[in-house]
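This report describes the sheets, the nonpolar cores and the aromatic contacts of one protein model. The sequence and the structure come before the text.

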Amino acid sequence: MYPDDLQYTAEHEWVRTPGEHEGAVRIGITHYAQDALGDIVYVSLPEVGENVEAGSTCGELESTKSVSDVYAPVTGEVVARNDSLDATPELVNNDPYGGGWLFEVRPTGSAAEGLMDAATYQASLEG
């Protein structure tokens with residue numbers, strides 16, 4: 001349920017290194033987060049070229065239950081966003097680790113700082 005090749009945040013985002021773009025990491029939300037949100041109906045993401053800071057809000061996911069902030073797990077420049085979510089936001093629910101990815105960031109500094117491995121993340125959910 002939580003792939004071992006990803007790193008995770010306490011805010012339920014995942015980070016895949018490398019991303020599709022050189023020097024970038026791909027970011028999405030975990031199965032736990034999408035399940036807690038329910039059916040996602042709208043996604044607001046940072047624009048390409050925007051700088052994001054680790055721990056700061058950089059987007060929103062709107063579901064039939066609520067609106068939830070998306071936090072940047074790393075500091076850097078947004079180099080890609082998943083524009084297919086504009087028309088099909090349900091991809092975040094149906095395929096959170098594949099087609100439901102959110103955006104990519106080219107980190108400034110260490111991308112792994114403060115991130116958890118899959119076992120630590122899963123233990124944090126059970127705690």
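What follows goes through the strands, then the cores, two buried loop residues and the aromatic rings of this predicted model.

**Sheets**

An open sheet of six strands runs in the order β1-β2-β3-β9-β8-β5, and its pairing is antiparallel. Its edge strands are β1 and β5, each of which pairs on one side only. Within this sheet, strand β8 (residues 76–81) is joined to β9 by five bridges, and the two run antiparallel. Across this pair, Glu77 stands opposite Arg106 in β9.

Three strands form another open sheet, with the order β4-β6-β7 and antiparallel pairing. Here β4 and β7 (67–71) are at the edges with a single partner strand each, so one side of each has no neighbour in the sheet. From one strand to the next, the twist averages 25°. Four bridges hold β4 and β6 together in the antiparallel sense, and Tyr42 stands opposite Glu62 in β6. On the other side, five bridges join β6 to β7, again antiparallel. Gly59 has Val70 in β7 as its bridge partner. The connection from β6 to β7 is a hairpin through three residues.

Strands of a sheet pair through backbone hydrogen bonds, in a parallel or an antiparallel manner.

**Nonpolar cores**

Which residues have the most contacts inside the largest nonpolar core? They are Ile29, Val43, Leu61, Leu102 and Phe103, in a core of 22 residues. Two or more residues each come from β3 (25–29), α1 (31–37), β4 (40–44), β6 (57–63) and β9 (103–107). The largest share is that of β3, which gives three residues.

A second core, separate from this one, has 10 residues, among them Tyr2, Leu6, Ala80 and Tyr121.

In soluble globular proteins, nonpolar side chains tend to be buried together.

For Val43, the contacts beyond four places in sequence are Glu60, Leu61, Leu85, Asp86, Pro89, Val92 and Leu102. Two of the residues with the most contacts inside the largest core, Leu61 and Leu102, are thus in the contact list of Val43.

**Two buried loop residues**

Pro46 is found in the loop between β4 and β5 (51–52). Is Pro46 buried or exposed? Its relative accessible area is 1%, and Pro46 counts as buried because the cut-off is under 20%. Leaving out residues up to four places away in sequence, Pro46 touches Val52, Cys58, Val78, Arg81 and Phe103. Phe103 is also one of the residues with the most contacts inside the largest core. The C-alpha atoms of Pro46 and Ala72 are separated by 9.7 Å, and the two residues are 26 residues apart along the chain.

Thr9 lies in the loop between β1 (7–8) and β2 (13–16). Thr9 has 5% relative accessibility, so this residue also falls under the 20% limit for buried. With residues up to four places away in sequence not counted, Thr9 touches Pro73, Leu115, Met116 and Tyr121. Tyr121 belongs to the second core.

**Aromatic rings and a charge over a ring**

A pair of aromatic rings is described by the distance of the centres and the angle of the planes. The structure holds four aromatic pairs, including the two in the table.

| Pair | Centre to centre | Angle between planes | Geometry |
|---|---|---|---|
| Tyr2 and Tyr121 | 5.2 Å | 75° | edge-to-face |
| Trp14 and Tyr97 | 6.1 Å | 45° | tilted |

Tyr2 lies in the segment before β1 and Tyr121 in helix α4 (residues 118–126), so this pair ties together parts that are 119 residues apart in sequence. Both Tyr2 and Tyr121 are buried. Together with Tyr8, Tyr2 and Tyr121 form one aromatic cluster.

The pair of Trp14 and Tyr97 also links distant parts of the chain: Trp14 is in strand β2 and Tyr97 is in the loop between α3 (91–94) and β9, 83 residues apart. Trp14 and Tyr97 are both buried.

A further ring contact involves a charge: the charged end of Arg26 sits over the ring of Trp101, 3.7 Å from the ring centre.

How values were computed. Residues numbered from 1 in each chain as written. Predicted model: local features only at pLDDT ≥ 70, side-chain atom pairs only at ≥ 80, totals over all residues. Heavy atoms only, no water. Core = buried A, V, L, I, M, F, W, Y, C linked by side-chain atoms within 4.5 Å. Buried < 20%, exposed > 50% of the residue type's maximum accessible area, 1.4 Å probe, protein only. Contact = heavy atoms within 4.5 Å. Pairing = 2+ DSSP bridges. Axes fitted to C-alpha atoms, helices over the stretch in contact; angles between N-to-C directions. Phe/Tyr/Trp six-rings, centres within 6.5 Å; stacked < 30°, edge-to-face > 60°. Lys NZ or Arg CZ within 6 Å of the ring centre and 35° of its normal.
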